Each structure stands twice: as C-alpha cells, then as structure tokens.
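Visitor: Please give me a close look at the part of this model where the chain pairs with itself side by side, and place it within the whole. I would like the cut-offs stated as you go.

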Amino acid sequence: MSIITKYFIKEFLTPFFFSLVLVLFIVFTVQMQKMLNVPFFRGIAFSDFFLLFACTLPPFLVLALPISACIATVVSFSRLTADNEMTALASGGISPQKLFFAPLGIGLVLMLFSFFLTIYGQSLGTQKLQEMFLKVGIKNLIHGLEPGVIFQDLPGMTLYAKKISSKNTSRRTLEQIWFYDAQNKSDPALITAKTGEFSEQNNSGLYLELKNGKMYRGLSRNSQNSIYVVEFENLEFFFEPSIPLQKDGMILSNAEQMPTKELFEKIQNSKTKEKNKKKYQLALYKRFSMPLASLIFIFLAAPITVMVQA
C-alpha cells in the first residue's frame, strides 16, 4: 500500500466514522420514537434499551453505510482540493486518478460487508429483535400495572385491580379485580374476581389467573339474548402479545425480516399469492441492491467533488 493511499484512507476514516455515528443516531432516534409510542415499551430500562440498539444495528447499518461513505468521500476530496494537494500530486508526476483507487477499494469493502449484513445479519438481527421486544414488552406490561388505575395496554382488554403487590417480582398478586375482555366483539365478557395473579409465562406471553368471581355474558349491543352470569372458582387466560416490526414504518416489513433462503422459497412457491409474491421479490431485490449503494455513491461522489472544487 502506497503512502498516498494510506494518507487518503486516514483522511477518509475520520469523517466516515463521524457521519456514521450521526446517521445511526438520527435513524435510531426516529425509530425509537415510534417504538416508545407503543405501550409495550413505556418505562423501558436503560439496559434493555441498549440491547434493543444492538439488535437493530444490522438493518440500520445497511442504510447508514452508503450515506456515510458518500459524505466522507465529499469531505475528503473537498479538503484535498481546497488545500491544493491534488495540484501538488499532479506537479509531482502522480496522476490524481490514482487517488480514486483508494475510495473505490473502501467502497468495495463496504459493499461486501453490506452484503453480509443483508443476507445473514439483517434477518438474524430482526429475529433477535422480535425476541427482545417480546421479553421487554412482557416485563413492562407486568410492571405497568398500578393499583386503582385502569390498565388498557393489552389490545381489546381492560384490567382494573384495587390492590396490587410490589413491582419487584414477575408475578403480581391482584385483589378486587374487574376485567373486561372485548377480543370477541360480538360477545364481550365482564369478569369480576376477589383475587388473582398476573405473571409472565416462560418469556413467551402473559398469564392471568382469576379466583372466586363472576363472568357476565351477553353484553353486546347487538345481542338479543339477556345477560347471564357464570360463577367460577378459578379462571385462566393466556395472552401472547404481537409486536410487529413493520408497524408505522418501524424497522422492517415482514418480508424483509425473512432469511434469504425463505424468500426464494416463497417466490418460487406456486401457492403464494401474486400480491405477496411481489412483496417478496421487492424485499429480495433490496437485499442485493442496497449493498451496491456504497460503491456507487463513492464512484459518483469522488469525481464530481473534484470537478466542482477545481
């Protein structure tokens, strides 16, 4: 490696890493704002927040690397041209075109790294992200219960308890409970119970156990039947919260979360609907086209910057 190549790489790396951190911060802040609007993530702990950031790095890096490479290329060649270093190279008998091999080499490395991220890292990262979301979301839902406060963070359900045990455990004891289940809109149920427990179930869902209570059915406005009451000693519910990453443009669509092999299988499967097949094809094309952006951006930014500054 020549001294000139080493010199350019040194000039390139400083603005590249600075812009990479800046772009990642902006993208992550926008996405986290969307996530924190979801009830599952209210009051999230700092340690969990850091783990979420680590899991979201692969899809964020695919977007951030081309932008950072373009910015670093423009800054590097602008400084070299403004300080007349390009002129000095030409007067020393060294063609300025030779300097373009260094950024193109960097672009090639970034392209290969981006290919690895899109083909392997992105799907693996989003799978871990789903697991982390579910784990964090369940914990926050359990700790989000407050005595004497109506709890509506579970879709289609409302929970109220006059007395609730401490937040320090993953199993919370409830007393004097009112629970409204409207998941089935045609036949909602109102349940009252003297005691109960709200807990997590193997990090996969939420478990609600109600004891010594009554269930009221026939509450729907469209119901032609009279309200009837069922008394019970023990009633159990299991909820598996769904936290889609594609909601409101959050992170990735369902197709983009799939492994590359599964995408190929979905596209080749004759049973796949044409509408869904186009989504899978678009996700696959993006997976192979996005890594090329780093090389293309550098290839265009380097000569254009030199011509503008000249």
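Guide: What follows starts with the whole chain, turns to the paired strands, and ends with the charged side chains.

This is a predicted model, in which local features need pLDDT of at least 70 and side-chain atom pairs count only at pLDDT 80 or more, while totals for chains, interfaces and linings use all residues. Residues are numbered from 1 along each chain as its sequence is written, and side-chain values use heavy atoms, with hydrogens and water left out.

The protein contains 8 helices and 5 strands, where helices (H or I, at least four residues) and strands (E, at least two) are DSSP runs numbered from the N terminus. Along the sequence they follow the pattern α-α-α-α-β-β-β-β-β-α-α-α-α. Of the 310 residues, 42% are buried, a class that means under 20% relative accessible area, against over 50% for exposed and in between for partly exposed, with a 1.4 Å probe and protein chains only. Taking contact as heavy atoms within 4.5 Å, 63% of the contacts between residues at least 6 apart in sequence join residues at least 24 apart.

Now to the pairing itself, for which DSSP must find at least two bridges between two strands. Strand 2 (residues 171-181) pairs with strand 3 (residues 189-200) in the antiparallel sense over 10 bridges, and Trp 178 stands opposite Thr 192 of strand 3. Strand 3 is in turn joined to strand 4 by 10 bridges, again with the two running antiparallel; here Ser 199 faces Tyr 207, and Thr 195 stands opposite Lys 211. Strand 4 (residues 206-217) is also joined to strand 5 (residues 228-239), antiparallel once more, by 11 bridges, with Lys 214 standing opposite Glu 231.

Two residues within these strands have backbone angles worth checking. Gln 176, which lies in strand 2, has a phi near 50°, a positive value in a residue other than glycine, and at 39% relative accessibility it counts as partly exposed. Asn 212, in strand 4, likewise has a positive phi, of about 55°, although it is not a glycine; its relative accessible area of 42% makes Asn 212 partly exposed.

Strand 2 also holds Arg 172, a buried residue that has no salt bridge, the nearest side chain of opposite charge being Glu 146 at 5.8 Å. For that comparison, Lys and Arg count as positive and Asp and Glu as negative, while His and the chain ends are not counted, and a salt bridge requires a side-chain nitrogen of Lys or Arg within 4 Å of a carboxyl oxygen of Asp or Glu. A polar atom of the Arg 172 side chain does, however, lie 2.8 Å from the backbone oxygen of Ser 165.

The structure holds 1 salt bridge, formed by Arg 79 and Glu 11, whose closest N and O atoms are 2.7 Å apart. Arg 79 lies in helix 2 (residues 46-82) and Glu 11 in helix 1 (residues 3-36), so the pair ties together parts that are 68 residues apart in sequence. Arg 79 counts as partly exposed at 28% relative accessibility, whereas Glu 11 is buried, with a relative accessible area of 19%.

Key: Polar contact = N/O pair within 3.5 Å; in protein donor to acceptor, adjacent residues only side chain to side chain.
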